[in-house]
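Biologist: I would like to learn how to read a ligand site and a few backbone features in a model like this one. Could you take me through them step by step?

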Amino acid sequence: MSNGLDQLQERIDRGTATAGVVGLGYVGLPLAVEIARSRFRVIGFEVSATVAAGISAGRSHVEDVPTAVLAELVSQGLIQATTDAARLKDCDVISICVPTPLNKTKDPDLSYVVAAAESCKGALRRGQLIILESTTYPGTTREVLLPILESTGLKIGTDFALCFSPERVDPGNPVWRTRNTPKVIGGVTPRCTAVAMAFYGKVFDTMVPVHSPEAAELVKVYENTFRLINIALVNELAQACDKLELDVWDVIDAAATKPFGFMKFTPGPGLGGHCIPLDPHYLSWKMRTLQFRTRMIELASEINAEMPAYVVQKASDALNDRKKPLKGSRVLVLGVAYKKNIGDLRESPALDIIRLLQLKGAEVRYHDPHVAMIVDDGHTSIQGLPLHSDPLTDQLLRSQDLVVIVTDHAEVDYVRVLREAPLVLDTRGVLRGPGGGKLVTLSGVAKG
Ligand code: SAJ
């Protein structure tokens, strides 16, 4: 007598399995599209009726998913979206892609994950595979999700399967997309891993099975901790170069010529996005419960968090050298998104820089081709919200006392900015040549 997972395996092999994706944001929607491209029917689950309706109408709200691509898959009946969690029972494979933020005390907030697990519990039946994709601490899948699902009386590894598979989405990356980025997967039992490999193996080019969900959970947090620490190292290097009166960009570029044993990171105005600044704290939190301090994460987080204040100090010094107090100066922040070529403001250091400049009495404006407006999201204490992106005219540039390049969007002509503005502070190394006495860099070197 075949068990639930045998029947699931058959549906996967025949291509008749239905997939569910819970959470259709920058991770879930690209995943839903790739699963549909493998010709599986996909039901997307959203808490937002507006988002669900938009997707069912073939409209994408995610920069990395072109509406034309989504509309085609919707028209073929391969993707639909709903707010009705009861329809999870129609899904053979359910991928959970909901947010895992930190709460105000920097502790993990698993409320979205638990809510999704409770919805899956309500619909759980034989022959279902549940995959958690949300970044979290090692142990979440086994300690939080498994008990919820087993409370139904169904048996893990025979009736249903449960795995963890980290999302590896780099928003805006033109090369590494959902399908061609190797996919790590770890099941609660070997059978769970096998059936997940069978399904995801039809969606992703390369599968990377690991021995447990804990290993898969830690892989993801380690990847992002690796970035957090190396970004902090290079931010500290920038401050050291300031003291040594060396150009940090020259040093990094020369170091990057080492063909082995080195990976280039670049200093910047701070650490933004909703992954790198937050995910490592999931590991810190877990290790504290095991009486272990992750000192590297704590120190790196401090260094990165200090960068906005360092940038504002550099701005103050640059104006001071021109006998201009920051107070009353007109300062244009050029680029406010958390990284280049996207419009995402989450955790953006630009917001801290604007707030700090305002606190010192500067008149602050901004331009960002990807961010039309900064609104009050309840997290920022920027004054005078909403702020609107000013058109980057020569007149605007000439009227400023200082332009601070915070986010280096590709479509801005930085040579024009340096030509027209009286003084430029470049926190991203986009202006490398002589600055005619008008250019200050992050390592404080004024370019002659
Ligand atoms: N940053 C630096 N210096 C660097 C690299 C980044 O200051 O050398 C800053 C960026 O400006 C940004 C922040 O760090 O404010 C995060 O940048 P990021 O490039 O890590 O971009 P994210 O957070 O959008 O995406 C990352 C993914 N990026 C890359 O691998 C390049 C990846 O780490 C994860 O797949 C993703 O987070 C995630 O979802 O966890």
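Biologist: Which atoms lie 3.1 Å apart where the ligand meets the side chain of Y26?

Modeller: This is a predicted model, and a polar contact here is a pair of N or O atoms within 3.5 Å. In the case of Y26, an N or O atom of the side chain is 3.1 Å from an oxygen atom of the ligand. The backbone takes part as well, since a backbone N or O atom of T266 lies 2.7 Å from a nitrogen atom of the ligand, and a polar backbone atom of G272 is 2.9 Å from a ligand oxygen. On its own the ligand has 740 Å² of accessible area, and the protein covers 87% of that.

Biologist: How many residues surround the ligand, and which are the closest?

Modeller: There are 20 residues around the ligand, and the closest are E167, K220, N224, T266 and Y338. By class, the shell divides into nine nonpolar, three polar and eight charged residues. Helix 8 (residues 213–244) gives the most to this shell, with four residues, while domain 1 (4–211) and domain 2 (237–445) each supply at least three.

Biologist: Where in the backbone is there a cis peptide bond?

Modeller: Most peptide bonds are trans, and most residues other than glycine have a negative phi. Here a cis peptide bond, with omega about 0°, joins L385 and P386, and P386 lies in the loop between strand 11 (373–374) and strand 12 (387–388). K323, although not a glycine, has a positive phi of about 60°; K323 is in the loop between helix 11 (295–320) and strand 9 (330–334).

Notes. Residues numbered from 1 in each chain as written. Predicted model: local features only at pLDDT ≥ 70, side-chain atom pairs only at ≥ 80, totals over all residues. Heavy atoms only, no water. Near = heavy atom within 4 Å. Polar contact = N/O pair within 3.5 Å; in protein donor to acceptor, adjacent residues only side chain to side chain. Areas by Shrake-Rupley, 256 points an atom, 1.4 Å probe, with all protein chains shown as cover. Helix = DSSP H or I, 4+ residues; strand = E, 2+ residues; numbered from the N terminus. Nonpolar A, V, L, I, M, F, W, Y, C, P; charged D, E, K, R; others polar. Domains from an automatic or database assignment.
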